[in-house]
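Here are a few exercises to work through with the model open beside you. Try each task before you read its solution.

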Amino acid sequence: MRRSRRKSSNSSSSSSFPYTIEEIHQKLKDIFHQSPDLNMVEYTIQQKKVAIFYITYQINKVQLNKSLLPPLLKIQQQNLDHKVILNEIPLGGGEAQDNIDKIASNLIHGSACVYVEQDEKALTYLIPELEQRSISRAENESLVFGPQISFTESLVSNLNIIRWRMDTPDLEVKKIIVGERIPTEVRVIYLKSLADDENVNTVQQRIEELKVDDVLDSSVLAQLIEDNSRSIFPQILQTELPDRLCYALKKGKVGVVLDKSPNVLIAPSTVFSFLETTEDVYMRWNMGSFARILRLTAMVLSILLTPAYVAALTFHYEVIPSSMLVSLGQSRATVPFPPILEALLLEILIELLREAGARLPTKVGQTMGIVGGIVLGQAAVKAGFTSNILIIIVALSALSSFTAPSYLMGTAIRIIRFPTIIFAGLWGLVGMLFVFGFLIIHLLRLTSIGRPYLSPIYPLTIKDFNDSIIRLPATIGNTRPLSNHPKDKKAYSEKKAKKKKDIDE
Amino acid sequence: MNQAHVKIKPNIQITAFYLFFIIHTMQIGAGIMGVPQIIYKESKNNAWISVLIAGVFLHLTIFVMVTLLKQYNNADLFAIQKDVFGKWISRFLGTFYILYVLTVTSSILLNYTEVVQVFIFPKMPSLQITFFLLFLATYAITGGFRVVVGSAYLFFFLTIWLVFSLYEPVRHVDWDHYFPLSQATPKELMLGAYKTTFSVLGLEVLLFVYPFISNKKKVPIAAHLAVLLTTILTFLVTFISIGYFSGPQLEEQIWPTLAMFKIIQFSILERFDFIAVAFWGFVILPNIILFIWLASYGAKRLYHVKQKHALYVIIILLYAFTNFFEYRFNINTITDLAANVGFYAVFIYPYFLLLIVLVKKKFTKGQGSGTK
């Protein structure tokens, strides 16, 4: 206590507590740069002047008028001071303060300050009014079935949802403050009995060691704590689905929740976790496996299809079967450009459509899609700008890239296509193989929070194929992903799951 | 005796499982493209027997290497040489080994460049093809041993399916080509086996990565399996080539393995050999990565320089060196040189070294008991 008092006397150089009402008002005004939003109400209670300060839009008026003011004005006791008020007012979160800067900071965060003239301390009551949107359906990661609830921008309600979904004391939440100029609250959450300590420490340490002005969003935080910031691939998964986060936590991963951001980070992530949805889990195992393999193939196709077309038509006519060559030749007969230009033109067209669709308001965006997709495509072929077959190929690869459940991963795949097309156009199959080899080595080099990005392929953990590349029925896969190094490896007993009954027993 | 000990950080240690891929991908590379012709020249239609003889010899060599390594705790070739020959001779021998490795690497680079120029792009300069390969190798090696091993492992799976495409030539095999069975003399068979060893160099990597392996007990089985797969693949390719091509035809084919891909067709793909030759880049890429890693790691061990610096010097040297050889004659010279030196370095030297180590061990043991 003494220490803080000394500190306060240092900071406010001219004078310190006690103040007159005018003095404290002036001081607060100075701190807020004469802001018109600082309100003061003055009362006289038991012959003593009492002032209440607050920032109009930061506090809950109903609470002020119902819980704070009436009891305050009804106080009968003599010798009014902060202790009496603290005792009489039926509100939690009251704090006695003797530091004017701290009072100002509390006012910003939604406190009302009560000060009795010439008292040693002022009281602050936290009655904040937080504007937030209500919880709504997930927009970006849409699901056909399964829980539809999604996170919002408010840390409090996000934590509330997480706690509601995982009601166990095992869930550990650590608080870290990030941002030197505009501090933002971060919570690292994990299941104590599952998550690997090393993973938790790495995440925590990286966030703690950040020296930044502020963190705009959790996606920015992800970029700041990633292993390789030069790579095009996202290395930390972001999700707006609480069920997805909880599913990951139950597998021994670590979550990071940032205030003011509707996305939650999940680490360590592998390249395959960007291609899975919780829907695969909600569906039956064979359907889920199919969907996952479909997406994986789609990604590979999306990168290789258009470049293969360009390479084959520029250099390797021999590869195309003669029956196909006729129709290809016919449709390309009127095209004046080399295949590489033709492909780049169409790919850019698709990218423009996507970008325009994303920027425009929804109502206009739909029209855009129709105009772009049907009218422009038709016109391009009729005008002899591109061949029919290329339209099919480009549409197929664009469609493939949109199947990525993670928007970031889908974008990465689409962008990788461009250098691949250029290399295929310049050096044919050799160029394509170069890009492909580069990608593979690049993926091998990547790590997510120090854990290999290509796991479970490399290092090979066959047991982890379940729940990353395919899904197995519950009787077979009973381990948590070993590449997360969970403390408890078995999710349930294998013996019990495999117990078989005889016919008609 | 157990002083030679190489310390490896536990986070870059690998399991013996990956040793299989390291040894195997190192052995299969540019050599297998043309091995049937080379053996056929020596032992005619009994060439496949030569492959089997060479296979036995491979297993024997692995056995010798493992025995040699087991004499020490956790040593590699550099440490063993230092223990046996002292500082200066071992440094000379190590440098020699690095030079041999670099010669093999340039031979691989040159051969693949030529294949690309013959099959796909007659006008693509070798400057460019070697640049592509060396760039990828540098990128992988700067990622560390984990990435080097990973690329050996992943590129193995990306290319092993090419074996199944041999199904088509098998259907065209003429069984008469294999008879008479005992046409070649034992000497010719041995010569054929000797020539086979040229294309399966690379198992010497075991002598260098041994300290990196965490479960030493499984080393022999992984190494033997790797060599076994190499033998099987070489055997398959040789055996099918003999049946598929007629004798004079086979003697003319520089790359019979690749030529066999020519008849493979799919409904959406007419000339499979283009894909196969381009994909062959992935067969030799782990080769190049591992060999260059070996050379740069060796330079670090011998001269205590930074591996990064050694790597850059090696890459620049290789790039400059390989682009001097534009004519077939020169490529053959360098390949033969690599093969001949390789035979002694890989298949003779370990036996010799094991002998010395064993004798020395006995000698020091005897001395030890004598003083008691």
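A salt bridge here is a side-chain nitrogen of Lys or Arg within 4 Å of a carboxyl oxygen of Asp or Glu. By that rule the count comes to 24 salt bridges over all chains. Keep in mind that this is a predicted model.

**Exercise 1. A pair in chain A**

Task: Work out which parts of chain A the salt bridge of A:Arg292 and A:Asp280 ties together, and decide whether each partner is buried or exposed.

Solution:
- Step 1: Check the distance. The side chains of A:Arg292 and A:Asp280 come to 2.8 Å, N to O, and the cut-off is 4 Å, so the pair is a salt bridge.
- Step 2: Place the partners. A:Asp280 sits in helix H10 (residues 278-282) of chain A and A:Arg292 in helix H11 (residues 285-314), so the bridge ties together parts 12 residues apart in sequence.
- Step 3: Look at the cover. Buried means under 20% relative accessible area. A:Arg292 has 3%, so it counts as buried. A:Asp280 has 0%, so it counts as buried too.

**Exercise 2. Two more pairs, and a network**

Task: Do the same for A:Arg332 with A:Glu342 and for A:Asp488 with A:Arg480, then find a network of salt bridges.

Solution:
- Step 1: For A:Arg332 and A:Glu342, the closest N and O atoms are 2.2 Å apart. The pair links helix H12 (residues 322-332) of chain A, home of A:Arg332, with helix H13 (residues 339-359) of chain A, home of A:Glu342; the two residues are 10 apart. Both A:Arg332 and A:Glu342 are buried.
- Step 2: For A:Asp488 and A:Arg480, the N to O distance is 3.7 Å. A:Arg480 is at 15% relative accessibility and therefore counts as buried, while A:Asp488, at 39%, counts as partly exposed.
- Step 3: For the network, pick out A:Glu351, A:Arg354, A:Glu355, A:Arg359 and A:Arg414, which salt bridges link together.

**Exercise 3. Where the chains meet**

Task: Describe the interface of chain A and chain B: how many residues are in contact, how much area is buried, and how many salt bridges cross it?

Solution:
- Step 1: Count the contacts. On the chain A side 31 residues touch 35 residues of chain B.
- Step 2: Take the area. About 3,000 Å² is buried between the two chains, and carbon and sulfur atoms give 76% of that. A:Ile441, A:Arg445 and A:Tyr458 supply 22% of what chain A buries against chain B, more than any other three residues.
- Step 3: Check the polar side. The rule finds 0 salt bridges across the interface of chain A and chain B, but 12 residue pairs in polar contact.
- Step 4: Find the main contributor. Helix H16 (residues 407-445) of chain A brings 16 residues, the largest share of the chain A side that touches chain B.

**Exercise 4. A histidine and a patch**

Task: Say what surrounds A:His25, then see which residues make a nonpolar surface patch on chain B.

Solution:
- Step 1: A:His25 is in helix H2 (residues 21-31) of chain A. With a relative accessible area of 18%, A:His25 is buried.
- Step 2: Leaving out residues up to four places away in sequence, A:His25 touches A:Leu38, A:Met40 and A:Phe53.
- Step 3: Over on chain B, the patch is made by B:Ile221, B:Leu225, B:Leu228, B:Ile232 and B:Leu236, and covers about 400 Å².
- Step 4: Take B:Leu228 as one of its members. B:Leu228 belongs to helix H11 (residues 219-244) of chain B and counts as partly exposed, at 37% relative accessibility.

How values were computed: Residues numbered from 1 in each chain as written. Chains lettered and ligands numbered in written order. Predicted model: local features only at pLDDT ≥ 70, side-chain atom pairs only at ≥ 80, totals over all residues. Heavy atoms only, no water. Patch = residues over 30% accessible without salt bridge, like charges linked within 9 Å, V, L, I, M, F, W, Y side chains within 5 Å. Areas by Shrake-Rupley, 256 points an atom, 1.4 Å probe, with all protein chains shown as cover. Helix = DSSP H or I, 4+ residues; strand = E, 2+ residues; numbered from the N terminus. Buried < 20%, exposed > 50% of the residue type's maximum accessible area, 1.4 Å probe, protein only. Contact = heavy atoms within 4.5 Å. Buried area = accessible area lost by both parts, 1.4 Å probe. Polar contact = N/O pair within 3.5 Å; in protein donor to acceptor, adjacent residues only side chain to side chain.
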